[in-house]
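User: I have a structure to go through and need plain answers. Start with the vocabulary, please.

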Amino acid sequence: MCHSQDRTPSEVGRDLVQWFLENQRDLPWRRDYSPYGVWVSEIMLQQTQVAAVVPYYLRWMKRFPDVPSLAAATEDEVLLYWEGLGYYSRARNLLKAARLVMERFGGRVPDTEADLRVLPGVGPYTASAILSLAYNRDVPVVDGNVERVAARLLDLDVSAKSPEGRREVLRAATQWLVPGKARFYNQALMELGAVICTPAHPKCLACPVAARCLALRHGTVENRPVRSPRPRWEELRVAIGVLRENGKIYIQKRPEGGLFAGLWEFPGGKALEAETPRVALVREMEEELGVRVKIVDKIGVVRHAYTRFRVTLHAYRCVPDPPGQIVRPRACAAWKWVRPSELDLFAFPAANRRLIQALRKAADAGS
DNA sequence: CATTCGTGGTG
DNA sequence: TCACCAAGAAT
């Protein structure tokens, strides 16, 4: 009765679970599926690849092994442990959420959808991920992997992000779910998307459910899921200054909300059209700090690509001219003069951190 | 509902 | 070098 063309959909789930149990990657958060560990890993994995997350996760869990240790930490230290991972509001929200878990849930990670969704940074995906991976509740998850895998298995001809596509993906993910095995089923779907059913050049020959993939049957795998065109990025020139006086360097903390919220940075800003970076820096220092500066020399150029723009960072050493001016920064949460060695105690955006490395390399070679 | 929020890997 | 984009959430 069970001819292979006409299996019930739940067998897709069963095949996926079996494949996962035999082929899963050895990842640190799969050791014991503790709710806190699952939570931390899921936040780190948002829009971030597994390979990038692993070292951060290990370091994080060593320093903040449980909810109480995280809740007791300062935001600056939390951001330092997040430095380089991007989307820094994730770290700030995780800290706020840990404190909320202490106050409201006695330090225990919630096990209901409603309670989880109270936590900042926990949306529909993460709530379902914690419920299914940590507590093995029978709820499906829908992330980018699940969207892609489902869009191909179903040969979905509308965007998985559209209302209709969303419904279809959720319906399929729910239908395939193997009761009692959501922890492995959900990870199987995501693992398949990450390892086999990849965006480009999927390895269909190694796919455990290729026999029931409609896109493969119809030759439309490369066109699923259907994508909307992406906007082009903007080119940006930024001048940045390492301002030094009495052996100390000026740094400032970015305000709440917006780009790099809560991180520290060197002062500077965008160069206007037809403005050289040097002129821009002198102008920005005057505007931002109320300080007239003299540029000593150029440290170097750092290229950096963000999602929406590409930045060429022109970095200069500079000093107050005349010396001894009072710094009056505008529009920053805090500011400090620090010794060069202290720069490691503050979280900087990646491009700033690379500038610090260049600074030290020059200092080592020069003097 | 569209935009904003980073970074590094990869072909 | 370049284009794409990865276990989303907040606004």
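Analyst: Residues are sorted into classes here: Ala, Val, Leu, Ile, Met, Phe, Trp, Tyr, Cys and Pro count as nonpolar, Asp, Glu, Lys and Arg as charged, and the others, Gly among them, as polar. This is a predicted model: local features need pLDDT of at least 70, side-chain atom pairs count only at pLDDT 80 or more, and totals for chains, interfaces and linings use all residues. Residues are numbered from 1 along each chain as its sequence is written, chains are lettered from A and ligands numbered from 1 in the order in which they are written, and side-chain values use heavy atoms, with hydrogens and water left out.

User: OK. How many cavities of 30 Å³ or more does the structure hold?

Analyst: The structure holds 1. A cavity is a set of points on a 1 Å grid over the protein atoms alone where a 1.4 Å probe fits but cannot get out, while a pocket is an open set with protein on both sides within 12 Å along at least five of seven lines; lining residues have an atom within 4 Å of a point.

User: How much space lies in the largest cavity, and which residues are closest to its centre?

Analyst: The largest cavity holds about 120 Å³ of space, where a volume is the space filled by probe spheres set on grid points joined across faces, edges and corners. It is lined by 14 residues, and Arg152, Cys197, Cys204, Cys207 and Cys213 are the closest to its centre.

User: How does that lining divide by class?

Analyst: The lining of the largest cavity has 12 nonpolar, no polar and 2 charged residues. Helix H9 (residues 144-153) gives the largest share, 3 residues. Helices (H or I, at least four residues) and strands (E, at least two) are DSSP runs, numbered from the N terminus.

User: On to pockets. What is the volume of the largest pocket?

Analyst: The largest pocket has a volume of about 1,300 Å³. Its lining counts 38 residues, with Leu45, Gln47, Asp143, Gly144 and Asn145 nearest its centre. By class, that lining has 15 nonpolar, 13 polar and 10 charged residues.

User: Which helix supplies the largest share of the lining?

Analyst: H11 does, with 5 residues. Helix H3 (50-63), H8, H9 and H11 each supply at least two residues of the lining of the largest pocket.

User: And the DNA? Which residues come nearest to DNA strand C?

Analyst: There are 26 residues around DNA strand C, and Leu45, Gln47, Gly121, Asp143 and Asn145 come nearest. A residue is near a strand if one of its heavy atoms lies within 4 Å of it. Of the atoms of DNA strand C that come within 4 Å of the protein, 63% are sugar and phosphate.

User: Leu45, Gln47, Asp143 and Asn145 sound familiar.

Analyst: They are also among the residues nearest the centre of the largest pocket. Helix H8 (124-134), H9 and helix H11 (182-195) each supply at least two residues of the surface near DNA strand C. By class that surface has 11 nonpolar, 8 polar and 7 charged residues.

User: What touches a phosphate oxygen there, by distance?

Analyst: A polar side-chain atom of Asn145 lies 2.3 Å from a phosphate oxygen of DNA strand C. For a polar backbone atom of Gly121 the distance to a phosphate oxygen is 2.5 Å. An N or O atom in the side chain of Arg227 is 3.3 Å from one. A polar contact is a pair of N or O atoms within 3.5 Å.

User: Now the other strand. How many residues surround DNA strand B?

Analyst: DNA strand B is surrounded by 17 residues, the closest being Tyr88, Leu259, Phe260, Thr307 and Ala350. They divide into 9 nonpolar, 7 polar and 1 charged. The side chain of Arg308 places an N or O atom 3.1 Å from a phosphate oxygen of DNA strand B. For a polar side-chain atom of His304 the distance to a phosphate oxygen is 3.2 Å. Gly84 has a backbone N or O atom 3.3 Å from a sugar or linking oxygen of DNA strand B.

User: Which strands pair in the antiparallel sense over 11 bridges?

Analyst: Strand S5 (residues 293-305) and strand S6 (residues 309-320) do; two strands pair if DSSP finds at least two bridges between them. A hairpin of 3 residues joins S5 to S6, and Ala305 stands opposite Arg310 in S6.

Conventions: A polar contact is a pair of N or O atoms within 3.5 Å; within protein, one must be able to donate a hydrogen and the other to accept it, and residues adjacent in sequence count only if both atoms are side-chain atoms.
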